[in-house]
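These are my notebook entries on a structure that is new to me. I set down what I looked up, in the order in which I looked.

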Amino acid sequence: MNRKVSFLDGLTLVSNSDAHSPLKIGREANILNTKLSYSSIKKTIKKGDPESFIGTYEFYPEEGKYYIDGHRKCNISFWPEQTRKHDGKCPVCGKPLTIGVLYRVEELSDRPEGEKPEKVLPFFNIIPLTEILSNVLGIGSGSKKVMRNYITLIEKLGPEFKILHDKEKEEINSVGVPLLGEAILRMRQNKIVISPGYDGVFGKIKIFNHQERKKTT
Ligand SMILES: [Zn+2]
């Protein structure tokens, strides 16, 4: 999304997570291959050299609460094109729609679809492990069952980042949550479906359909 606007060309984009609750700290991150000193890190960010700044871990922007446009109370969610067709008004109540970030990016965009600036550092999309578990088990991400499995996974396989990015499917499956290895593989390959967030409603991630998930029960 950022690379659609040329005035950000030449800037290194960093990614940092919210710090409002312990579970959410350090989930989005920058991947650096540099000495752990202030001056090295500063130099790496400033230069944005792919040898030392490997990339970033990012959540899917569609998961955010204001990605596309809409009215929560009227149960209306629109892609920017639909919003323009409706003149920015809600077809149910007639009031102006709450405009999301995608619409704004399209307004600012000065680059044709698919075109990128010369220098772009890679980014890797991630889904928090609790959300993947919630999806696999078909229950809320804050539920006891999700937390119990989350802790078991961390105890057996190590930090969340290792599980999300490095561990083999078989090793993940060995902990005993059916379909989890496949779910994480699908995330790594971007093979997931998201219904995007709008007007304060979080986007919803769908890794498996109902039939696939039934296998876990
Ligand atoms: Zn409305």
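**Zinc site**

I began with the zinc ion, in what is a predicted model. The 4 donor atoms around the zinc ion subtend angles of 100 to 126°, so the arrangement is tetrahedral; for that assignment, all angles must lie between 85 and 135 degrees. I then looked up the protein donors and found His71 (ND1), Cys74 (SG), Cys90 (SG) and Cys93 (SG), at 2.1 to 2.4 Å from the zinc ion. Along the chain I noted their spacing as H-x2-C-x15-C-x2-C. Within this set, Cys74 and Cys90 link distant parts of the chain, being 16 residues apart. I placed Cys74 in the loop between strand S3 (69-71) and strand S4 (76-78), and Cys90 in the loop between helix H2 (80-85) and helix H3 (101-108). I also checked the accessibility of Cys90: it counts as buried because its relative accessibility is 4%, and the cut-off is under 20%.

**Helix H3**

I next asked which residues of H3 are buried. They are Leu102, Tyr103 and Val105. These residues lie on the same side of H3, because they cover an arc of only 160° around the axis. I recorded that the buried residues of H3 pack against S3 and H2.

**Phe124**

Finally, I located Phe124 in strand S5 (residues 123-126). Phe124 has a relative accessible area of 36% and is therefore partly exposed. Leaving aside neighbours within four places in sequence, I found Phe124 in contact with Ile31, Thr56, Tyr57 and Glu58. I also looked up Phe124 and Gly70, which are 54 residues apart along the chain; their C-alpha atoms are separated by 28 Å.

Key: Residues numbered from 1 in each chain as written. Predicted model: local features only at pLDDT ≥ 70, side-chain atom pairs only at ≥ 80, totals over all residues. Heavy atoms only, no water. Donors = N, O, S within 2.8 Å, 3.2 Å for Na, K, Ca; no water. Tetrahedral: all angles 85-135°; square planar, octahedral: opposite > 155°, others 65-115°. Helix = DSSP H or I, 4+ residues; strand = E, 2+ residues; numbered from the N terminus. Buried < 20%, exposed > 50% of the residue type's maximum accessible area, 1.4 Å probe, protein only. Arc of directions from axis to C-beta. Contact = heavy atoms within 4.5 Å.
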